[in-house]
Each structure stands twice: as C-alpha cells, then as structure tokens.
Amino acid sequence: MLAYIGEYCRGYFLIINHIQIGSGQDIIFLHGWGGSTASFYNIANRLKHKYRVTLLDFYGFGKTPMQKKPLFVRDYAESVIELINHYKMNDIILVGHSFGGRVAIYIASKFGYLLNKLILVDSAGLLPHRGIIYHYKVTKHKILRHFGITHKAGSKDYQQLNSIEKQTFINVVNEDLTDLAKKITVPTLIFWGSKDKETAIYMAKKLKRIIYGSCLVMFKGAGHYSYLDEPDLFYKLTVIFLSEVGYGMVVSNSFDNFKLGGVTKIIYTKSSRKL
C-alpha cells in the first residue's frame, strides 16, 4: 500500500511519516489512537544513546494523511512492515500503546521473525465485555437509522470523524486479536495502569495468560497512559527488560529485586512462564 513520503525518508520511496533518532539496535514505537511521533518522544530521547529509535505517524494522524478507503489493523501493520523493509531492520524491539498495541500484536504474530522483543502498554486488541447500556444504545441507533431519523451516535471523538475515518474506527475496534495474540512467541512485557478506564485490567491479565512467557507490570494508580503517569519507572523497567537475554527477564527475579525508592508502584509482576 502506498503511503506518505516520510519527513526523514531519503529519495522517492513512499512511506509513512516518521522520525529516527540515535543509533544501535532498532526500537519502533507505535502510538495510540489520536497520537503521533510526539507520543513517545520523551522516552525515545532517553533511549537514543544505545538504540536507533523510530517514531511514526499512523495513517490519518500527525503528518501522515488518511488513505482514501477504510482501513483495518492489517493495513496499519503493513505500513510498519514497509518501514522496516525500507531500512532493512531486523532483531527489532516493538513497543505499542493502546491502538498501537493492536498493530504490534498483529506484527508480532505474523512477522515475529523480525522481532527481538515486544512491549505492550495499555494495549487494545481484545473485545471488551459489553453491558446492558451498550446494547441498548446499539439497538436504539439501529432502529433510528432504519426509520431515517437523524440522531447522534457514538462518542464525541467518533462524531467528528469523516465517513472513511468512522468506518476505519469501526473496523479497528471490532477486530478481536485474541487468536493472533496466542501465536506470539517473542519475549513480551506488558505495562498497564491499575486505573485504566479505556482498556480494562481484565484485558491485561488475559493478554498475560495467552501470550506465552509474558510478564505483566501494573502501575498502581496510573491510567490509560501509564507510561506518561510513571515515566521514570517505565523507562527503568524497560531498560531492565531490554538488557536481559531471551526469556531471562521473565523467569528471573529482576523486577522483584528492583529498588523503587521505598515505595512499591508495581502491584503485579509474576510471570506466566513455567520453569
């Protein structure tokens, strides 16, 4: 799929807008819905001394324009693969937040041979539990639409999207990546905020259960942007994870022995991997 010519891309190869800083092993950060290259810039700036960090804008965000047709998670994943192929990257560390986590799960399940490690942060990708209120709103919307009655449906953010963006949003949020997550075999670290109201905690625990060898770190009191609520702790634990070889981190006591200045912000760290 053809995309936008990146600001830092040389020549005429078509690719999504992106920024690269630093040098070394490749880390790619995938932002959440509504985010951009700025979303992870602070953490990227701290990692640039040892890694080549790539920050990108997904289709429809930042400086990358939306495509002229509705997209699926697969389309966003393929745009990242185009970027990877362009720079001939391998042994990659992939980090995805929220919507970016969806894309990261897809890539890790389909192109795991390109990855070294995976980090999911308050990741989307699993279908949420739907309550009575949700089903009532859906039924009401269908009835009103059937009779041609004008009404507002969805969140305020959803209402502001154009028709292509709305269909893309619907495609993305209704795609269940559970089966793909089960296929992930690369070492995986999952960060989550204990007060995340966008992606519920049960999703974090389910991801930990179905991704073999994964480790879950819960930040007490943090929300959906846990990496911004606890930036120093996120950075320090990420460095620990990246410094370990293979599955070493998730079967060791690295996190349990980590000194947190006397205040424990991690409330869940046990690995699902069995020795």
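In what order do the seven strands of the open sheet lie, and is their pairing mixed? In this predicted model, the sheet has the order E1-E3-E2-E4-E5-E6-E7, and its pairing is mixed. The edges are formed by strand E1 (18–21) and strand E7 (215–219), each of which pairs on one side only, and neighbouring strands of the sheet are turned by 15° against each other on average when direction is ignored.

The chain as a whole has ten helices and seven strands. Of its 275 residues, 47% count as buried, and the accessible surface of the chain comes to about 14,100 Å², with 54% of that belonging to carbon and sulfur atoms. Among contacts between residues at least 6 apart in sequence, 73% join residues that are at least 24 apart.

**Helices across the sheet**

At the E7 edge, strand E6 (residues 188–193) and E7 run parallel and are joined by five bridges; within this pairing, Ile190 has Leu216 of E7 as its bridge partner. Strands of a sheet pair through backbone hydrogen bonds, and they do so either parallel or antiparallel.

Helix H8 (residues 201–210) lies across E5, E6 and E7, and runs at about 170° to E6. Helix H3 (residues 99–110), in turn, lies across strand E2 (25–30), strand E4 (92–97) and strand E5 (115–121), running at about 145° to E4.

The buried residues of H8 are Met203, Ala204, Leu207, Lys208 and Ile210, and what covers them includes H3, E5, helix H7 (178–181), E6 and E7. An α-helix has 3.6 residues a turn, so residues three or four places apart point the same way. Is Lys208, a residue with a place in helix H8, buried or exposed? Lys208 counts as buried because its relative accessibility is 10%, which falls under the 20% limit for that class. The C-alpha atom of Lys208 is separated by 7.3 Å from that of Ile190, although the two residues are 18 apart along the chain.

**Aromatic pairs and charges over rings**

A search of the whole structure finds 14 aromatic pairs, and two tilted examples are set out in the table.

| Pair | Centre to centre | Angle between planes |
|---|---|---|
| Tyr59 and Tyr76 | 5.8 Å | 55° |
| Tyr227 and Phe234 | 6.0 Å | 55° |

Why does the pair of Tyr59 and Tyr76 tie together parts of the chain? Tyr59 lies in the loop between strand E3 (51–56) and helix H2 (73–86), whereas Tyr76 lies in helix H2, so their pair ties together parts that are 17 residues apart in sequence. Both Tyr59 and Tyr76 are buried.

The members of the other pair are also assigned to the buried class: Tyr227 counts as buried at 5% relative accessibility, and Phe234 counts as buried at 2% relative accessibility. Tyr227 and Phe234 belong to a cluster, linked by ring pairs, that also takes in Phe29, Phe40, Phe191, Phe219 and Tyr225.

Two charged side chains are placed over rings elsewhere in the model. The charged end of Arg46 sits over the ring of Tyr235, at 4.1 Å from its centre, while Lys117 lies over the face of Phe241, at 4.9 Å from the ring centre.

How values were computed: Residues numbered from 1 in each chain as written. Predicted model: local features only at pLDDT ≥ 70, side-chain atom pairs only at ≥ 80, totals over all residues. Heavy atoms only, no water. Helix = DSSP H or I, 4+ residues; strand = E, 2+ residues; numbered from the N terminus. Buried < 20%, exposed > 50% of the residue type's maximum accessible area, 1.4 Å probe, protein only. Contact = heavy atoms within 4.5 Å. Areas by Shrake-Rupley, 256 points an atom, 1.4 Å probe, with all protein chains shown as cover. Pairing = 2+ DSSP bridges. Axes fitted to C-alpha atoms, helices over the stretch in contact; angles between N-to-C directions. Phe/Tyr/Trp six-rings, centres within 6.5 Å; stacked < 30°, edge-to-face > 60°. Lys NZ or Arg CZ within 6 Å of the ring centre and 35° of its normal.
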